[in-house]
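Subject: Structure handover

Hello,

Please find the structure below, handed over for your own work. My notes on the salt bridges and on one group of contacts follow it.

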Amino acid sequence: MIPQDPVMLLSYVNTQLRDNYKGLDALADGLDISKDDLNVIISKLNGIGYKFDNEANQFK
């Protein structure tokens, strides 16, 4: 289950990206997340001041 709390979500997503996936599309495919749900995740993380950095493959 994906955390709903934005700070826990940040930690979870960045850990998954670091350990298992080479990008957001791979994360969505691997965790069976729809594009709409992925956009919700991105919006939540943007809402607490984190943007996705493609080079680092993490939210910073």
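Lys-35 is partly exposed, at a relative accessible area of 44%. The model is predicted, so please read every value here as computed from it. The partner of Lys-35 is Asp-25: the two form a salt bridge in which the closest N and O atoms are 2.9 Å apart. Asp-25 sits in helix α2 (residues 24-30) and Lys-35 in helix α3 (residues 35-47), so this pair ties together parts that are 10 residues apart in sequence.

In total there are 3 salt bridges. Side chains of opposite charge can pair when their charged atoms come close.

Another of the salt bridges joins the side chains of Arg-18 and Asp-19, with an N to O distance of 2.8 Å. How accessible is Arg-18, buried or exposed? Arg-18 counts as exposed because its relative accessibility is 61%, and the cut-off for exposed is over 50%. Asp-19 has a relative accessible area of 46% and is therefore partly exposed.

There is also a salt bridge between Asp-53 and Lys-60, whose closest N and O atoms are 3.6 Å apart. That distance qualifies because the limit is 4 Å. Asp-53 is partly exposed, with a relative accessible area of 24%.

Asp-53 leads on to Gln-58, since Asp-53 is among the residues that Gln-58 touches. Which others does Gln-58 touch, leaving out residues up to four places away in sequence? They are Asn-14, Leu-17, Lys-51 and Phe-52. Gln-58 belongs to strand β2 (residues 58-59) and is partly exposed, its relative accessible area being 30%. Between the C-alpha atoms of Gln-58 and Gly-23 the distance is 8.3 Å, while the two residues lie 35 apart in sequence.

Seen from the other side, Asn-14 is part of helix α1 (residues 6-19). Asn-14 touches Gln-58 and Phe-59, again with residues up to four places away in sequence not counted. With a relative accessible area of 15%, Asn-14 is buried, because the cut-off is under 20%. The contact between Asn-14 and Gln-58 therefore pairs a buried residue with a partly exposed one.

Regards

Notes: Residues are numbered from 1 along each chain as its sequence is written. This is a predicted model: local features need pLDDT of at least 70, side-chain atom pairs count only at pLDDT 80 or more; totals for chains, interfaces and linings use all residues. Side-chain values use heavy atoms; hydrogens and water are left out. Buried means under 20% relative accessible area, exposed over 50%, partly exposed in between (1.4 Å probe, protein chains only). Helices (H or I, at least four residues) and strands (E, at least two) are DSSP runs, numbered from the N terminus. Contact means heavy atoms within 4.5 Å.
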